[in-house]
Amino acid sequence: MHLQVDDVDLPMAPYQLAIANLLPGDMEPPNFRTDAYTVAAEAAEFEQFLDDRFPREKFPEFRREVDNPGRSPVLWGCTAPSKIACYQVIVEIRRMWRAAASVGRLIAVMSNDRLPLLRICGFCQKLFIAGRNNQMTCDKKCGSALRWRRKRAKAKEYELNRELNISRKDRQQKLKKKGAVK
Ligand SMILES: [Zn+2]
């Protein structure tokens, strides 16, 4: 089976990737639900939801997009009529491209094929397009962070095994001693 996102030559404008990355990769933006009766009440509730979940200080880029429906500045000409619609568009695009990267990877692994170039960073989980086939992180910083994490995990495993062996030997010796006493 050969299904590779980058082989299909999708007209994927870089801005879609930028939209998908407006929020950090290691979080899942929730769907906004309300049972408010009026548009005004819904808007007020959504405003609260935004400030609680995505405070401007912490998510400035994302908030710049959501807070300016219809005249989103840098990335896209989103014509979403309201903040809620804007939020939904961003979340939708983000889910779609992240799913494409995950599914593409799964298919490639199952069919023992080359990994598609649309990927999720192995360290920060950001979506990116790999420049080389063996590039697994979005940039060099994440690359060295990932190597460091793997190294530490290996060292930890080694340490754990060593302790396990020591306590095993310890137990065996105690058992031997007990046997000797009898
Ligand atoms: Zn990264």
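**Arginine 94, helix α4 and the nonpolar core**

Q: Why does arginine 94 count as buried?
A: A residue is buried if 20 or more other C-beta atoms lie within 10 Å of its own, exposed if 12 or fewer, and partly exposed in between, with C-beta atoms placed from the backbone. Arginine 94 counts as buried because its C-beta neighbours inside 10 Å number 21.

Q: What kind of model is this, and from which number are residues counted along each chain?
A: This is a predicted model, in which local features need pLDDT of at least 70 and side-chain atom pairs count only at pLDDT 80 or more, while totals for chains, interfaces and linings use all residues. Along each chain, as its sequence is written, residues are numbered from 1.

Q: In what order do the elements of the protein run from the N terminus?
A: Helices (H or I, at least four residues) and strands (E, at least two) are DSSP runs, numbered from the N terminus. The protein has five helices and two strands. From the N terminus on, their order is α-α-α-α-β-β-α.

Q: Which residues touch arginine 94, leaving aside neighbours within four places in sequence?
A: Arginine 94 belongs to helix α4. Its C-alpha atom lies 3.9 Å from that of alanine 20, although 74 residues separate the two in sequence. Two residues are in contact if their C-beta atoms, placed from the backbone, lie within 7 Å. With neighbours within four places left aside, the contacts of arginine 94 are Ile19, Ala20 and Leu23.

Q: How far apart are the end C-alpha atoms of α4?
A: The expected span of a helix is 1.5 Å times one less than its number of residues. For the 28 residues of α4, this rise of 1.5 Å a residue gives 40 Å, and the distance between its end C-alpha atoms agrees: 40 Å.

Q: Which elements are included in what covers the buried residues of α4?
A: The buried residues of α4 are Lys83, Ile84, Cys86, Tyr87, Ile90, Arg94, Trp97, Ala101 and Gly104. Their cover includes α1, α2 (39-53), α3, β1 (118-120) and β2.

Q: Which element gives the largest share of the largest nonpolar core?
A: A nonpolar core is a set of buried Ala, Val, Leu, Ile, Met, Phe, Trp, Tyr and Cys residues joined through C-beta atoms within 7 Å. The largest one here has 18 residues, and Val66, Tyr87, Ile90 and Leu127 have the most contacts inside it. Two or more residues of this core come from each of α1 (14-20), α3 (60-66), α4 (83-110) and β2 (127-129). The largest share, six residues, is given by α4.

Q: Which residues does isoleucine 90 touch, not counting those up to four places away in sequence?
A: Isoleucine 90 is among the residues with the most contacts inside the largest nonpolar core. Not counting residues up to four places away in sequence, isoleucine 90 touches Ile19, Leu22, Glu65 and Val66.

Q: What is the phi of asparagine 112?
A: Asparagine 112 sits in the loop between α4 and β1. It counts as exposed because it has 7 C-beta neighbours inside 10 Å. Its phi is positive, in a residue other than glycine, and is near 55 degrees.

Q: What is the phi of glutamine 125?
A: Glutamine 125 is located in the loop between β1 and β2. With 15 other C-beta atoms within 10 Å, glutamine 125 is partly exposed. Its phi is also a positive value in a residue other than glycine, near 70 degrees.
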